Amino acid sequence: MCLTEMKRENQLLILYASQTGNAMDAAERFGREAERRGCPSISVLSMDEFHPSELPNKEAVILVVSTTGQGENPDSMKGFWRFLLQKNLTEDWLKGVNYAVFGLGDSSYQKYNQRNWTNGFQVLVHHRLLKEAWEMISILQVLAGYNEMAGGWYEGALDPWMSSLWSILYQRNPRLLPNAINPDDTLMDQPKVQVIYHDTEEGLSPMTTNADFNYLEMLLEKAHSMNPAKYSGKSRPDCFLKLPINYDVGDILEFLPGQSPEALDAFMQRCNLNPESYITVVLTCFQVQVQARDNENRGFRKPSTPVKLKSFIELTMDVASASPRRYFFEVMSFFATAEHEKERLQYFSSPEGRDDLYQYNQKERRTVLEVLEDFPSVQMPFEWLVQLVPPLKTRAFSISSSNSAHPNQVHLTISVVSWTTTYKRKRVGLCSSWLAGLDPNQRVLIPAWISKGCLPPPPPSLPLILVGPGTGCAPFHGFVEERAIQSKSVTTAPVVFFFGCRNEKDDFLYRDFWLSHLQKNGVLSEEKGGGFYVAFSREQPHKVYVQHKMREQSSKIWSLLSQGAAVYVAGSANKMPADVLSALEEIFSNETGVPREAASTWIRKLERAGKYHVEAWS
């Protein structure tokens with residue numbers, strides 16, 4: 001991508017807001033494709049690296065935005081969003097600025113049609129800010145295409161949308177994309193990073209510290225600071241799980257999982273890497289110039305203390321769990337020496353090969369290591385591997401315990417994930433299988449971060465309606481423990497809990513715990529106005545889920561809601577949150593005699609009052 005002085009003329013700005021990396025991946029592809037069409041000036045930036053007050057100085061802007069949680073804005077977009085909500089912005093403050101928006105969403109979000117950014121951000125930009133800007137390509141059509149693709153494969157929507165975008169931009173200003181008609185598809189990018197090798201004595205040594213956790217903390221911070229991936233969390237851990245920690249019920253614990261030593265060794269051997277080398281990774285001049293020009297050097301990572309290559313890979317690169325993105329295959333094609341491999345990789349990275357790539361890669365969950373082994377003639381430079389191997393991400397879990405009940409302990413409820421792919425390949429979850437394989441008698445330091453989730457800790461005086469099937473019961477285990485401690489010193493409000501699982505014998509999580517609190521004067525007991533209701537979905541000919549049990553307890557639920565109860569929902573993001581919402585609307589309608597539309601309005605009022613909370617995961 002070219003680096004010219006910032007001018008409004010013939011300049012393309014691409015801004016993205018990403019939580020998991022999809023929006024960033026799409027934004028970077030916009031940048032590469034614009035370069036191949038001869039764009040003289042391109043900037044690709046995260047929204048938190050750009051101040052929206054600079055938008056009037058831009059000629060053309062592409063906004064690539066994803067959603068997170070239950071359809072919420074990504075963290076990197078929040079400041080940008082707050083600026084756009086200012087009432088003092090006039091309708092013509094961006095007069096003449098061309099723009100387009102590409103949105104990535106997920107129809108499994110509970111409020112997909114109500115709270116997804118397309119109904120907020122798109123309308124806000126289109127009607128408040130850019131009335132005189134060029135016409136937007138339909139975002140709703142894009143999102144429909146994205147969600148209809150198996151597994152949420154957004155490339156199916158992106159390819160035709162991008163083609164239309166280049167055509168419109170070229171018609172409006174041919175000088176912005178002079179090669180739009182005949183793009184240079186043979187152009188290969190330069191890697192974003194440079195890897196510098198060092199003598200052993202320059203590196204970070206375990207002997208430089210007195211405590212294991214200090215060394216690991218330093219190593220983790222150094223490795224993350226050198227990785228080009230943008231981590232949503234902090235590099236320095238809040239704590240290690242061997243140390244005392246503080247948290248509230250409803251909080252989230254994130255930790256960095258370990259990787260298989262065998263997989264790490266196989267990856268380094270396949271890529272001809274020396275695990276004992278000491279390295280630093282620095283951004284290339286291109287990246288530094290872009291950040292200096294648009295960010296006044298914010299986010300620039302200076303060269304750091306060298307770390308061992310094996311440690312860098314182990315802590316930052318997911319080599320044997322995550323599937324690579326399409327661009328990985330495109331870059332691989334330039335380094336393939338076997339003609340049949342080169343042709344296959346070029347096909348995979350083309351629009352025509354998109355569906356076959358999905359079947360081969362995403363649907364089978366092929367790992368970086370497996371892909372490299374399938375194309376043995378490819379020898380990618382380590383710089384490209386650092387840039388393109390998916391970053392090793394922290395895994396987040398709802399905390400299952402109360403700090404009051406278990407000081408200096410944190411409890412988690414984790415299902416060990418395993419499945420078989422379409423082609424009968426055995427797969428296991430990286431984090432859950434790693435945890436299950438740990439020896440309880442072996443000292444292991446686990447870097448951890450604690451953050452607020454979507455379930456704020458309730459005061460003891462607040463009646464609660466809890467819905468948590470499966471591992472969704474995790475945060476409510478902590479809620480009940482906390483309420484039990486509180487009841488020893490203050491009067492507490494009723495708690496009703498709806499739990500669900502397949503059958504009583506196999507997956508009735510915390511069975512004895514719930515039943516003990518159902519006894520006389522327990523947190524869930526009838527004497528205290530509470531209740532505990534279980535839906536065993538597979539123990540009868542017809543399936544029974546938590547929403548069915550809720551309908552059976554319609555009058556009790558309505559009684560609690562009339563007393564000001566709050567509703568907390570946790571579990572799978574697939575259908576459960578929407579089914580629970582529908583059951584509540586039905587209960588409200590039946591108990592009050594009002595139309596269903598009024599029930600939907602009532603739910604929204606509960607949300608605004610802070611009395612309806614959902615934490616769901618896929």
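These are my notebook entries on helix packing and aromatic pairs in a predicted model.

**Overview**

I started with the whole chain. I counted 23 helices and 18 strands in the protein. Of its 618 residues, 54% count as buried. I then looked at contacts with a separation of 6 or more, and residues 24 or more positions apart account for 80% of them. For the surface, I noted about 27,900 Å² exposed, with carbon and sulfur atoms supplying 49% of that area.

**Helices α1 and α6**

Next I turned to one helix pair. Two packed helices are described by the angle between their axes and the distance between the axes, so I looked up both values. Helix α1 covers residues 22-36 and helix α6 covers residues 155-172; their axes come within 12 Å and cross at roughly 35°. I noted the crossing of α1 past α6 as right-handed.

Which residues meet here? On the α1 side I listed Asp25, Ala26, Arg29, Phe30, Glu33 and Ala34. Facing them in α6 are Glu155, Leu158, Asp159, Trp161, Met162, Leu165 and Trp166. By class, this contact has eight nonpolar and five charged residues, and no polar ones.

The spacing of such lists made me recall a rule: an α-helix has 3.6 residues a turn, so residues three or four places apart point the same way.

**Aromatic pairs**

I went on to the rings and found a count of 28 aromatic pairs. One of them sits in the helix contact above: Phe30 and Trp166 are edge-to-face, 6.2 Å centre to centre, with 80° between the planes. Phe30 belongs to α1 and Trp166 to α6, so to speak a link between distant parts of the chain, 136 residues apart. I checked burial too, and both Phe30 and Trp166 are buried.

A second pair caught my eye. Phe476 and Phe497 are also edge-to-face, at 5.9 Å centre to centre and 70° between the planes. Here a helix meets a strand: Phe476 is in α17 (residues 474-486) and Phe497 in β15 (residues 495-501), 21 residues apart.

Why does Phe476 count as buried? Its relative accessibility is 0%, and buried means under 20%. Phe497 counts as buried because its relative accessibility is 0% as well.

I then followed the ring pairs outward. They link Phe476 and Phe497 into a cluster that also includes Phe479, Phe499, Phe508, Tyr510, Phe513, Trp514, Phe532, Phe536 and Tyr568.

**Helix α13**

My last stop was helix α13, residues 354-362. I listed Arg354, Leu357, Tyr358, Tyr360, Asn361 and Gln362 as its buried residues. What covers them includes α6 again, along with α11 (326-335), α12 (339-348) and α14 (368-374).

Terms used:
Residues are numbered from 1 along each chain as its sequence is written. This is a predicted model: local features need pLDDT of at least 70, side-chain atom pairs count only at pLDDT 80 or more; totals for chains, interfaces and linings use all residues. Side-chain values use heavy atoms; hydrogens and water are left out. Axes are lines fitted to C-alpha atoms, for helices over the stretch in contact, and angles run from 0 to 180 degrees between N-to-C directions. Helices (H or I, at least four residues) and strands (E, at least two) are DSSP runs, numbered from the N terminus. A crossing is left-handed if the near helix is turned anticlockwise from the far one by less than a right angle, and right-handed if clockwise. Contact means heavy atoms within 4.5 Å. Ala, Val, Leu, Ile, Met, Phe, Trp, Tyr, Cys and Pro count as nonpolar, Asp, Glu, Lys and Arg as charged, and the others, Gly among them, as polar. Buried means under 20% relative accessible area, exposed over 50%, partly exposed in between (1.4 Å probe, protein chains only). Accessible areas come from the Shrake-Rupley method with a 1.4 Å probe; for residues, only the protein chains shown count as cover. Rings of Phe, Tyr and Trp (its six-membered ring) pair if their centres lie within 6.5 Å; planes under 30 degrees apart count as stacked, over 60 as edge-to-face and the rest as tilted.
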